[in-house]
Amino acid sequence: MSGISPQSSQTRWRISSDSNSRMQLAIRPAVVLPILLFILSLALNLSHVETTEFHPDETRWMNRAHYFSDLRDPFGLTWEDQYITRGQPPLGSYLMGLGLVLQGRDTDTNNVWDFSYGTSWNEMNGAMPSEADLEAGRRTNAVVGAVTVVVVFFFVNAIGGLLAAGAAGLLMALHPLQIWLSSQALSDPLFVMLVALALLTAVKLTRQPTRVNAVLLGVLLGLGGATKLSPLLLAFTLAGYGIALLVLAHYGRVDTRKAQSLGPLLMLQPAIAIGTFILSYPYLWPAPLERSWNLFELRAQEMTGQSLSWPGVSVDNPIEALGRVYQRLTWQFSTTGNILETIVGWFRSPVDIWGFDLVFAIIGIVALARLIFVRGLTSGAALAGFLLAGQVGVIVVGMQVDFYRYHLPIVLAVSILFGLSVSLIWHALSDRGAARYWNLVPGVSLEALAPAGNSSPTGRRTETGSTDPIPASDAGRYRSRAGS
Amino acid sequence: MKTRALRWLIGVLAAVVVSLAAFQAFGSFTDNHDAWDLFAPVSVESEPVTIKPARLFSSGQQTSINEVVNETRGFGVPWSVYVTTDEVENRDGPIDTWAEQVYDEAPVETAPGARDGLLLFVAVPVDDHTQTHAEFVAGEQFFPRQGITPETLERIVNEQMAPMIEDNKIGQAIIEGTTWLEWSQLFQSTPNQPHTYLQSGLDPLLHPFLTIAMVGLAGAVALVAIGILWETWRGSIGVAQGEFEVASAAAAAIGRVNDAVIVALQLPTAERVHEPADTTMTPVTETRPQSDPRAIRRILEDQLAANGVFHPRSVLYTLWLRALAGFALAAGLLGIVLSILGESEPTLFASIAAVAISLVALIWNESRSWTTNAGRQRLRDWKALHADAQDDAWVQFDAIVHADHYRADLGSPLSRSWNPSAGA
């Protein structure tokens, strides 16, 4: 045990060349990067608040901001069985109300927008929110979007290391759809933030299978359900995963001890998630089962109606849905596409350039599969991967109409996979000695970006790997020389 | 082995049967369910729109009015619009009586005698359209009808239609009125239903009795938790004494004897063949070396309590608080259900408070530090003596306290040298 200190599992960028010097300054990327990503994402989101195109759906979320203040009267008129309460679960509305109150506004906003009539009729009848209210709602989501980027960073750092986390956070922060939706007053950014938090909690649960972590995961899925319904279905799939773990443990196919502690906790997820979902919405209280079904049924019927009303964006089957995802996230909303177009725009007239976010995502699937294969089904990577695949699967299978906002959870998945793929590629190159080209500044080693847990800050292997008798200060260059 | 396999088989079969039964029950519930049932279309025999004379409005206006009325019938409102100019100026008596007569002569209803329809009656004087009178007449069984209430109807006439009538835009006023009626049906809040017999019976029981009980429980849990916190922090012994080795220091820092402390205690035993370790624990009550982790935990806890590092009643306090908070949690959950059934707000909020405080207390209780103030002082002294990165005791202490950092799946296996066996 001696020789290992907690600091050895944390990664640092060394500024001083002398590792023994007490004057050395250690900047921990694990602390600095999320702060930088938060600032970057928030700045980008806020800069788009005034310019992002208005969407009539925003009026609905602004209208229901009064849900937040009406929680003080949970048996009042607001929570009766009616179209509006059946139309959407409440958490996005609570968020809008909270955002308005925190920004010094009240929750009495605009009338309900009637999609049967045009903009002028709705404007005339008070269904258009005031500019101040709308911008306050949008700013709320700008913060939520930036928080999501940070959560993505922490999640990917937990399963794939710092380089993967930085890449994933950066892609998410710069993603045009993320910026677009984080500067509109809708509920999708909140939904994605809750999914990201659930992923992070899933990893925590696999490391510490405690009742508190299990409750936390279930509560997050319940709150996700109270935002967009679909995470409630994920809670059931997690319960199935728990049962599968127990069966596999019985036959000795997985880490038995871990599976036996994790399985029952996963089996509790539906009960916790549904309990949270019901508690969060006073409308459900008088008849929880029937009214919950009302919500699911109305969403399904509305989607069918939308599919009929807008045949141009209707989706007939999951294969077509995948095609839509490709189109949206390659040609319309792509970080890499945007960056390339900007660069090309410096030299010639603007052109549409193929974005290759999805190519990285596919490589990321390989990286994630390898993580799961190596670590086993009881690992955080496996559980979170299962959760993420479930969420994307629900969207692809359930997509009847291709609205841009439905793709945001897929952007979350793409960002995570992008991070893993960058890490995989980096290490593949690093193992072949390519890293030496990056070590430009003497004493500053990008080796420190290696995932935590494998190596000490100096690049030396810990007890889990081979020993490496190199001087700490030379760690980065040593690998370079070895490569050459 | 055969018995075990049989149990598994029975268990799986039972799960399949229960799942199928649940699926069947849920399926029968959902098969005929329509979330739009609130707004199920209604069939009404009377004409949707009657305009006398028809040339009063443009054909575009007539079409619009017809469309909105039919659409609203599709959302579950049995209603019609009746517009007339017949001798409006020369008619005796109030116009609302006339409107009721029109309704009685040709009732708007979903079945003969149902009296569940609504009529928008509009009387337009020929010589001055700005004196037009609009009136809603509802059958006795029309209300409740989602968002449409008598107040809504009054507001539509007075606030939406009247200004347009004053501007001599009669056709536009009717379109506006019919549109708002449809909007109210869909989007206006439905009035609260009257209390049921159960709710009326529960109400006096819930408030104030259950409310006071819940507030009392929440307060009791909070007070006991604060009391335990204070008592533990103060400690019962002024100065912690006795042996204070690495494991003791780590336990004091963590506040408990956790798995990492026990593993650390056992490791030197395994290494003793090569090198005697100074962290071997001398049990207070046992003479033989212990291998049962629970026993080791108890022995070390007793030792630390005897030395004044842990509060001597920590285990007892933990059990007490667990029981009290567990009871308050269960009672609070029951209170939530009862207060929802009885629609009692004060009881609901008191029950939520009881649940929230109990949950926080339970979570805190399971991980709270048992270390006394004297124990903390002892730990500070120990740290001052050993706080050096080169000191083996310090390194070992740090490793125990931050054992979570060494979990195998923290790192990334993307590089080739990652050791998968560490993750097992």
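In the predicted model, Val360(B) counts as exposed because its relative accessibility is 57%, a value that lies over the 50% cut-off for that class. The residue belongs to helix H11 of chain B, and its C-alpha is placed 37 Å from that of Ala14(B), a residue from which Val360(B) is separated by 346 positions in the sequence. A second exposed aliphatic residue in chain B is Ile10(B), which is assigned to this class because its relative accessibility amounts to 52%. Ile10(B) is part of helix H1, which covers residues 2–31 of chain B. Between Ile10(B) and Asn258(B) the sequence separation is 248 residues, and the corresponding C-alpha to C-alpha distance is 38 Å.

The helix that carries Val360(B) also takes part in a helix pair, in which H11 (residues 345–367) packs against H10 (residues 314–342) of chain B, the two axes being 8 Å apart and inclined at an angle of about 155°. Because angles over 145 degrees are classed in this way, H10(B) and H11(B) are described as roughly antiparallel. The crossing of H10(B) past H11(B) is left-handed. When the residues of this contact are sorted by class, 16 are nonpolar, nine are polar and two are charged.

Chain B as a whole, the setting of these helices, contains 13 helices together with four strands. Buried residues make up 42% of the 424 residues in the chain, and its accessible surface is about 22,500 Å², with carbon and sulfur atoms contributing 58% of that area. When contacts in chain B with a separation of 6 or more are considered, 73% of them are made by residues that stand 24 or more positions apart.

Several features of the backbone can be described residue by residue, beginning with the cis peptide bonds of chain B. One of them links Lys52(B) to Pro53(B), with omega at about -5°, and Pro53(B) is situated in the loop that runs between strand S1 (49–52) and helix H2 (59–74) of chain B. Another cis peptide bond is present between His207(B) and Pro208(B), where omega is about 20°. Pro208(B) lies within a helix, namely H6 of chain B, which extends over residues 197–234, whereas Pro53(B) is a loop residue.

Positive phi values in residues other than glycine are found in both chains, as the following two cases show. In chain A, Leu229(A) has a phi near 70° and is located in the loop between helix H11 (211–228) and helix H12 (230–250) of that chain. Leu229(A) counts as buried, since its relative accessibility is 5% and the class takes in values under 20%. In chain B, the phi of Asn168(B) is also positive, at about 65°, although the residue is not a glycine. Asn168(B) occupies the loop between helix H4 (150–166) and helix H5 (170–187) of chain B, and it is classed as partly exposed because its relative accessibility is 45%. Both residues are thus in loops between helices, but Leu229(A) is buried, while Asn168(B) is partly exposed.

Methods:
Residues numbered from 1 in each chain as written. Chains lettered and ligands numbered in written order. Predicted model: local features only at pLDDT ≥ 70, side-chain atom pairs only at ≥ 80, totals over all residues. Heavy atoms only, no water. Helix = DSSP H or I, 4+ residues; strand = E, 2+ residues; numbered from the N terminus. Buried < 20%, exposed > 50% of the residue type's maximum accessible area, 1.4 Å probe, protein only. Contact = heavy atoms within 4.5 Å. Areas by Shrake-Rupley, 256 points an atom, 1.4 Å probe, with all protein chains shown as cover. Axes fitted to C-alpha atoms, helices over the stretch in contact; angles between N-to-C directions. Parallel < 35°, antiparallel > 145°, perpendicular 65-115°, else oblique. Left-handed = near helix turned anticlockwise from the far one by under 90°. Nonpolar A, V, L, I, M, F, W, Y, C, P; charged D, E, K, R; others polar.
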